[in-house]
Amino acid sequence: SPHSVCTGTHTTPTRAMTEASPLLMPASTSLLATDSSLPPEPAVPWVSDLAAGRLQMMFFTSLALFDMVTDGLVFADLVLEKQWPVLGGCLVAMVLFPQFLTFAFLRANGQKSLANVWQVALFPVLGFGAFFGRDLTREWQKVALFATCLSPVPLINIISGWPHGKPPLATGAIWFEVAEGLIEAPCSAVITLYACFLTRKVPSTSFLASIVASFGSTARAVDKLNQLGAQRGFWNEVKYALAQLPDVMLRIIFLATFAFLTRPFGDGSDEDLEASKSYFACLLIVTEFVSNLAYLLALSPVKKEGLTLLSASMLIGHPPDFSSKLSRGRNSHRVMRLSQTVVLAWAAVALQLMSQDANKKDDRIEMLMDDYYLFMMLMISSAAVVAIRGFIELFLERRKQTKQEMASKFAAATAKDDIILARFLAQVDGAEVPAPAHIPLGLVQAYAVSELSGSDQMDLLTQSNPEAVKHWYDFLSQVYGSEVVGREQVRMAFRKWKKDTQVRHTTGGFTDYGLTMTTMMEVQLSASLGHVKNLIVDLDQLDDEVLPYLQANIPKMTVHGFRPLRFDIIEWMVECQVQSLEWSNVQGGDAIAKLVAPIVRKAGTLVLRGNCIDEEGVKHLCETIRESETIQDLDLSFNPLEALGALRLSEAIAAHQSLRILRLHGTALDPEAARHLAGAIKSAPLLEHVEMQSNGIKDEGVSSLSEAIAGSQSMKLIDLTDCYVAVAGVKHLSEAMSKSVSLGTVVLMLNKIGAEGASVFAEGIRASTTISYIELSENVIGDEGAGHLSEALKTSTSVACVGLRDNGIGPDGVEKLSEAIKKSGSIMHILLQDNHIGDRGARVLAEAIKLSTTIQTVLLDNNLIGDEGMQDLSQALQKSETIVTLGLQWNEIGNDGIGHFCKVLPYCKSIRTVDLQYNQIQTAAMEVVKASAWRCPRQPTVLLAEREQPVQLISQAADGPPQMTSMQASGPSVEYVAA
């Protein structure tokens, strides 16, 4: 039921398919487009991601501080040394304006409060207050003016981001960087360079350092805004910032040169230099700002916050790439600006040439070419680079991003709580809150990230999809228990829902969630909170148009059902970072192998049981396994691989080198296939677990596998259940056991090796120092075979678990095994179900339990044990200090046996579980068992059930006498289980 999803009890039955259906449907576009086309940056093995992030923050913070320091030095020099207060005022205005503009912008977006205004006002208030309010010496005046250009924002950002290696989005660090880099840095560089032109001298060290620092800060800010929201490493930051330098240097040098060439003509006197106004340059900047703002206003269908900041940033840069709509005009904007630069430059030069005769003392062109030749050449060469790149890109068609891609970017911004980026995408590009089929998954994700993000996106959804908002209100009303109306009640209802989900997860530990159309929103919230460890997807109950909008990081996904799927659904699974995928029994054939290829490249575990994948499907799957660097657990059981499929699989495993677990139950393997897989075992350095149940491997195949196991340094488990292994095969395996340095578990169930095979197997036990678990159930070894094994177990120091179920072992065989249990220092678990040891066998086994210092588990189900045997075993439980579990289902124990058991139970020192189901015990004995269990210090669980007895559960409360209840509480318990 839908309710059971969030209580951890959801189960999804696998639907038997009688007809094959097409699995592949063409998809017109890919839903999960990346935010940028940047190539992945190579990882530095000796530097962690955290350390790399901190180094990156330190570098760029140092760059910002250096820029501030040089601006402060230039400001003090302009005002006090050169006596140019107008230029100095312009410089400090350009330093402070972007900080206050950014603060106002962040406050309008809910990321700053008035209490944070000190971050931008502290140093200007102190500096100007000291300069104008105190009688300072000249040196302290310089310090006061220098301080006005400083800001604590970079230091605040690096401190807040130090624990995680990046500044949190809530600080608005990125927007301070963009504003500083695209408004303050270029304007200060233009003013500084313009001041240098006015002096008609080579720039001083402080002036030159300020200009160079501004070049770097501006180039980085241009690239930062261009790729807003993209995650990049340090070297990519530097590389792509350098790519912006030609545009930046051209623009800054041109504006300073244009301002100098078009300023009013004078005679070069001090009074003339003091009147250093350049009206044409100011008019040019104001005109461009207004045109940028008009351009953005024409594109923006909703709110206008932030467009002023973006308009100012485009004075130096171009329309940013993070916006699909703006990026389409990027190339034409570059060419238009370059053309404008050329035209205005020639106009300024022509104006100078025409006026040269009248102003012989003011030959500006000659001065620029003589004293500032380097800057002029930088401007010309940058113009050439920009022209070539601009005209090339002008003819390259920019692909228009689809609505699905915009939705993906919008959801990614929401997941990172980048409210401003989400608003830009919505205002400029028209990105919508995901609400397919009126299911507001986007709102659930947004509210889970932050209430501010949720409220913002609910406003957007109200305009674009009122039906989804109604669905949201109805859903929250059910959660809240009353009708939800208004923004405040939405927040309160969501808080309650979120708290209930967290409490349910904390108290119940539920990690498996079933996904259907009725549970989409609950799964979205649980996934957003990190609670979903295994997502159970029933494809037959889902709308595949809705599924990709579920935003989640899901470690494991179990897929059921059989229906047509598009590739974008698989891409969604990849985007969810699925590490483990189980898609079994859908009988999809080779199409399944093709379809899951993208997941195999990223996942660690892949289970494709019973999908009719044959040789051709294995071919496609193996090609993908070779490319994968993560796959470690592969299960292809119950697919008809046969020999050719095994050959291809073994080649892929050998090339992959990382596989650890391989399961191939019932895959039609023969001796030839076993030979191929043996080669994989030899070649795979990490392969440690191989299961080949129910295959026709036979002795010849076991021979090949044994040779590979003997030479493997990693093999820990080999399972050859029901593989037609006879004595010859056991001999090969025994030799491998003696040579292996890692093999710990050997499973040979259902192979009928008999007593002779057991004798051969015992030789391997004697020679091995690593074998810890042997499983020989259903092999008809009898008492004779048990005797052979017991002799080997007496001397073994490694075997901890022995499985001998249904082997025809009687009292004589158990007597021999009991001697091994007494003398062995390693046997902890012995499994003897479905034999016929009787009371005599129980007696000798009880003596062994008393004397053993290691035995913990003894399973004796269906062994003809009666009351006498129960009496002996009860005494053994009293004496033993190690026994934890005793299994006695389906025996002949009656009330007398239970009586002996109840007498000793209070004195048992270690027992925790006794299973007495399906014996001849009457219901009346239960009260006695309960009272006895209550007095036992270990408070054991005792399982009782009569044959054909109705379900009944009796449990013991921890703080009172035994009571009839419907749930098991802490403390000792006696349970009646359905027959």
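**Buried acids, salt bridges and cavities in a predicted model**

Asp538 lies in strand β3, which spans residues 534-538. Strands here are DSSP runs of E with at least two residues, helices are runs of H or I with at least four, and both are numbered from the N terminus. The model is predicted: local features need pLDDT of at least 70, side-chain atom pairs count only at pLDDT 80 or more, and totals for chains, interfaces and linings use all residues. Residues are numbered from 1 along each chain as its sequence is written, and side-chain values use heavy atoms, with hydrogens and water left out. Asp538 counts as buried because its relative accessible area is 9%; buried means under 20%, exposed over 50%, and partly exposed in between (1.4 Å probe, protein chains only). Asp538 and Thr558 are 20 residues apart in sequence. Their C-alpha atoms are 8.6 Å apart in space.

The protein chain contains 38 helices and 21 strands. Of its 979 residues, 54% are buried. Contacts (heavy atoms within 4.5 Å) were also sorted by sequence separation. Among those with a separation of 6 or more, 77% involve residues 24 or more positions apart.

A further buried acid is Asp699, found in helix α30 (residues 698-711). Asp699 has no salt bridge. The nearest side chain of opposite charge belongs to Lys698, 9.7 Å away. Lys and Arg count as positive and Asp and Glu as negative, whereas His and the chain ends are not counted. Leaving aside residues up to four places away in sequence, Asp699 touches Tyr724, Val725, Ala726, Ala728, Gly729 and His732.

Tyr724, one of these partners, sits in the loop between β11 (717-719) and α31 (727-739). Tyr724 is classed as exposed because its relative accessibility is 57%. Its phi is positive, about 60°, although Tyr724 is not a glycine. Most residues other than glycine have a negative phi. Ala437 also has a positive phi without being a glycine, at about 55°. Ala437 lies in the loop that joins α18 (419-429) to α19 (441-449).

The structure holds 25 salt bridges, each defined by a side-chain nitrogen of Lys or Arg within 4 Å of a carboxyl oxygen of Asp or Glu. Arg251 and Glu288 form one of them, with an N to O distance of 2.5 Å. This pair links distant parts of the chain, 37 residues apart: Arg251 is in helix α9 and Glu288 in helix α11 (residues 279-299). Both Arg251 and Glu288 are buried.

Glu451 and Arg491 also meet in a salt bridge, at 3.9 Å from N to O. Glu451 belongs to helix α20 (residues 451-464) and Arg491 to helix α22 (residues 487-508), 40 residues apart. Glu451 is partly exposed because its relative accessibility is 25%. A network of salt bridges links Glu451, Glu488, Arg491 and Arg495.

The side chains of Glu707 and Lys682 form another salt bridge (3.7 Å, N to O). Glu707 lies in helix α30 and Lys682 in helix α29 (residues 671-683), so the pair ties together parts 25 residues apart in sequence. Both Glu707 and Lys682 are exposed.

Elsewhere, Glu791 lies in helix α33 (residues 782-795). Glu791 counts as partly exposed because its relative accessibility is 40%. Glu791 and Ala762 are 29 residues apart along the chain, with 7.9 Å between their C-alpha atoms.

Cavities were sought on a 1 Å grid over the protein atoms alone, as sets of points where a 1.4 Å probe fits but cannot get out; lining residues have an atom within 4 Å of a point. Grid points are joined across faces, edges and corners, and a volume is the space filled by probe spheres set on the points. The count is nine cavities of 30 Å³ or more. The largest cavity has a volume of about 70 Å³. Its lining consists of Asp247, Leu250, Arg251, Ile316, His318, Arg334, Arg337, Leu338, Thr341 and Val386. Helices α9 (245-262) and α14 (330-355) each supply at least two of these residues. The largest share, four residues, comes from α14. By class, the lining holds four nonpolar, two polar and four charged residues. Nonpolar covers Ala, Val, Leu, Ile, Met, Phe, Trp, Tyr, Cys and Pro; charged covers Asp, Glu, Lys and Arg; the others, Gly among them, are polar. Arg251 thus appears both in this lining and in the salt bridge with Glu288.

Note on methods
1 Å grid on protein atoms, 1.4 Å probe; cavity = no way out; pocket = protein on both sides within 12 Å on 5 of 7 lines; lining within 4 Å.
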